[in-house]
Amino acid sequence: AALAAAAEVSFTVTNSEVSSTDVVVVNHGSGGTDGAYLVQANTIRDGSFAITVANVSAGSLSEAITLHYVALKGSDS
């Protein structure tokens, strides 16, 4: 699907190993235009988190990109 310039889309990743105290790091791994996307993990809960992908280029993009993520075990203090 096309992602218009300055638009963003979010989706949920289900992973039973993730807990609400974890730190999730995500990056644009491959595919698509380098530097055209800003990706971040958010809404981290027990069993899931969201990833938001933003198009930071000046034009609409319709590229298949690969994202990589890692969940680092955390704790409240």
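Me: What makes L3, A7, E8, V9, F11, Y37, L38, V39, I65 and L67 count as touching V53?
Reply: Contact means heavy atoms within 4.5 Å. V53 touches these residues, not counting residues up to four places away in sequence, so each has a heavy atom within 4.5 Å of one in V53. This is a predicted model: local features need pLDDT (the predictor's confidence in each residue, from 0 to 100) of at least 70, side-chain atom pairs count only at pLDDT 80 or more, and totals for chains, interfaces and linings use all residues. Residues are numbered from 1 along each chain as its sequence is written, and side-chain values use heavy atoms, leaving out hydrogens and water.

Me: Why is the pair N15 and Y69 called a polar contact?
Reply: The term needs a pair of N or O atoms within 3.5 Å, one able to donate a hydrogen and the other to accept it; residues adjacent in sequence count only if both atoms are side-chain atoms. The side chains of N15 and Y69 are joined at 3.3 Å, so the pair qualifies.

Me: Where does N15 lie?
Reply: N15 is in the loop between β1 (8–14) and β2. Leaving aside neighbours within four places in sequence, N15 is in contact with G47, S48 and Y69.

Me: What makes up the secondary structure of the protein?
Reply: Zero helices and five strands. Helices (H or I, at least four residues) and strands (E, at least two) are DSSP runs, numbered from the N terminus. The order is β-β-β-β-β.

Me: How confident is the prediction, by mean pLDDT?
Reply: The mean is 95, and 100% of residues reach 70 or more.
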